[in-house]
Amino acid sequence: MGQSISQMDRTKQIKWLLTIIIPILILFVPETGGVTKEIKVFFAITVAAILCFAFELLNNMIPSLLLPFAYAVTNLVPLEVALKPWTVTVVWTVLCGFILSLILERIGLLQRLACWCILKSGGTYNGILYGLVVAGIVANLILPGAWSVAFAALGYGICKAFNLGKSKEAAGIMMTAAMANLMPGFFIMDPSNVGVLIGVAGGVTDLTITYTDYLMQNIIFLPFGFVMAFTMSKLFKANVTIEGKAYFKAQLEEMGAFKKEEKKVIGVLIFFFLFLITSNIHGIGLVYGYIFAVILLYMPGVDAGTKEDIQRVNYPFLFFITSCMSIGQVANVLGVGELISSSIIPHLGGIGPIGFLLIIWLIAVLTNFLLTPLAAMAALGAPITQMALDMGVRVEPVLYTFFNGLDQIIMPYEYALYMICFSYGLIHIKDFMKAFSTKMLISVIYLFLIVVPYWKLIGLL
């Protein structure tokens with residue numbers, strides 16, 4: 001026991017040494033080829049913060065708080081510039097999304113929706129997988145990107161109900177639940193995920209992508225979830241027979257008829273959905289729809305929201321998002337994106353738009369081994385946007401390709417939202433690696449053989 005603690009301490013000491021030494025080494029880089037003193041200080045501060053995030057040396061709230069002030073105290077930018085991300089709508093959209101998701105989780109709408117979808121899919125093992133995908137799409141249409149923990153718990157609840165234990169069947173259900181929650185983000189705009197990347201890119205170019213724009217430009221990704229459910233059903237073919245119709249029917253009966261509170265919330269969600277899909281008509285920002293929905297749920301006569309829902313919001317995550325966006329904001333002011341782009345673009349001559357997209361996808365996949373997706377979006381969002389501009393390629397498909405690459409993992413630690421499902425202890429690591437390695441291969445084939453031609457067809461490429 002003492003030896004394991006000592007080993008753990010040594011590991012942490014090594015991580016701290018790397019977090020200190022690497023930024024110091026950056027400061028000794030020669031000031032040539034456009035590398036100024038300010039840019040060196042920027043990279044030193046940014047790398048130190050990113051290593052803190054990656055190594056989990058401190059609670060993420062601490063480096064998130066320190067980062068913008070470090071940029072200001074070293075005179076890289078005025079404090080109001082470093083804190084400008086707090087004025088960006090993404091932060092407030094995410095805050096409202098948290099509140100809405102907590103209300104929906106408490107009243108049990110997702111459980112009802114999932115049981116209904118799985119029941120309609122037949123209630124068998126394969127039916128559960130396809131039902132989860134349908135539930136994921138519908139849930140994200142109702143409220144984008146708010147269901148990571150809820151879907152993990154849903155998958156675990158199903159496995160527990162059928163006594164699957166640590167098995168192939170449990171692996172198939174848990175990993176499909178994770179994918180069912182996250183893959184709709186390829187075509188349904190999630191403010192707390194791809195919205196951050198778009199926000200960072202907006203600091204480089206006047207880029208505006210509405211909910212409807214994002215949906216129409218990426219709707220070709222919709223079948224991909226079903227492709228992966230089919231793949232999981234073959235990779236982890238059930239050795240036991242699961243007849244779940246009776247179980248899911250009993251679950252719905254236990255929930256009973258829709259309660260008055262649920263009907264009120266559904267009414268607000270219908271308003272919210274209509275607001276989102278008509279964004280190209282009314283031109284009102286996405287954030288206003290989120291704010292109106294939250295306010296309505298707390299208004300007299302509805303009273304669906306509680307004080308506890310607001311208190312349970314993951315506020316440290318908001319600071320993490322703004323800190324990530326601060327990286328892009330300061331990088332843009334200092335010209336970091338132009339520096340990186342001018343260093344790389346001359347070596348990409350003749351590759352064309354498709355080759356450029358493949359390079360962007362590979363950069364995202366490789367970055368995932370070192371950084372969380374949000375940190376990668378913050379660190380590389382501005383440079384890849386500048387590279388797209390310099391290559392003469394529209395920014396949107398470049399951002400979408402980068403985002404798709406960040407979803408490709410092999411090990412659980414690479415993406416916290418997938419790690420949530422792994423943490424329930426029902427998946428062997430070899431099964432996890434097999435599933436997500438297969439997903440990576442299918443993803444790149446689907447992207448370049450199906451999605452890219454669609455982008456060409458609609459004039460995005």
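Biologist: Among contacts in the protein between residues at least 6 apart in sequence, what share joins residues at least 24 apart?
Modeller: This is a predicted model, so let us read it with that in mind. A contact here means heavy atoms within 4.5 Å. Taking the contacts between residues at least 6 apart in sequence, the share that joins residues at least 24 apart is 80%.

Biologist: How many helices and how many strands does the protein have?
Modeller: Happy to count them with you! The protein has 0 strands. Its helices number 24.

Biologist: Which radius of gyration does the protein have, and what would a compact globule have?
Modeller: The chain has 461 residues, and a compact globule with that many would have a radius of gyration near 23 Å. The C-alpha atoms fill a box of roughly 70 × 55 × 50 Å along the principal axes. The protein agrees with the globule value, because its own radius of gyration is 23 Å.

Biologist: What percentage of the residues count as buried?
Modeller: To count as buried, a residue needs under 20% relative accessible area. Of the 461 residues, the part that meets this is 51%.

Biologist: What part of the exposed area do carbon and sulfur atoms supply?
Modeller: Start with the total: the protein exposes about 20,000 Å². Carbon and sulfur atoms supply 67% of that area.

Biologist: How far apart are the centres of the positive and negative side chains?
Modeller: There are two sets to place, with 27 positive and 24 negative side chains. The centres of these sets lie apart by 9 Å.

Biologist: Are the rings of Phe-186 and Phe-221 stacked, edge-to-face or tilted?
Modeller: The structure holds 25 aromatic pairs, so there is plenty to choose from. In this one, the ring centres are 5.1 Å apart and the planes meet at 50°. Planes under 30 degrees apart would be stacked and those over 60 edge-to-face. The angle falls in neither range, so the pair is tilted.

Biologist: Where in the chain do Phe-186 and Phe-221 sit, and how many residues apart are they?
Modeller: Phe-186 is in the loop between α9 (168-182) and α10 (194-201). Phe-221 is in the loop between α11 (211-218) and α12 (224-235). Both residues are buried. The pair links distant parts of the chain, with a separation of 35 residues.

Biologist: Which residues do ring pairs link into a cluster with Phe-186 and Phe-221?
Modeller: Ring pairs join these two residues to further aromatic ones. The others in the cluster are Phe-224, Phe-403 and Tyr-446.

Biologist: Is Ser-101 buried or exposed?
Modeller: Ser-101 belongs to helix α5 (residues 89-107). Beyond its neighbours within four places in sequence, Ser-101 is in contact with Leu-143 and Ala-146. Its relative accessible area is 8%, and the limit is 20%, so Ser-101 is buried.

Biologist: Leaving aside neighbours within four places in sequence, which residues are in contact with Val-81?
Modeller: Val-81 is part of helix α4 (residues 79-82). Its C-alpha atom is separated by 18 Å from that of Leu-318, 237 residues apart along the chain. With neighbours within four places left aside, the contacts of Val-81 are Gln-329 and Val-333.

Biologist: Is Asn-163 buried or exposed?
Modeller: Asn-163 lies in the loop between α8 (148-161) and α9. It has a positive phi of about 50°, although it is not a glycine. With a relative accessibility of 70%, Asn-163 counts as exposed.

Methods: Residues numbered from 1 in each chain as written. Heavy atoms only, no water. Helix = DSSP H or I, 4+ residues; strand = E, 2+ residues; numbered from the N terminus. Rg over C-alpha atoms; globule rule 2.2 N^0.38 Å. Buried < 20%, exposed > 50% of the residue type's maximum accessible area, 1.4 Å probe, protein only. Areas by Shrake-Rupley, 256 points an atom, 1.4 Å probe, with all protein chains shown as cover. Lys, Arg positive; Asp, Glu negative; His and termini not counted. Charge placed at Lys NZ, Arg CZ, Asp CG, Glu CD. Phe/Tyr/Trp six-rings, centres within 6.5 Å; stacked < 30°, edge-to-face > 60°.
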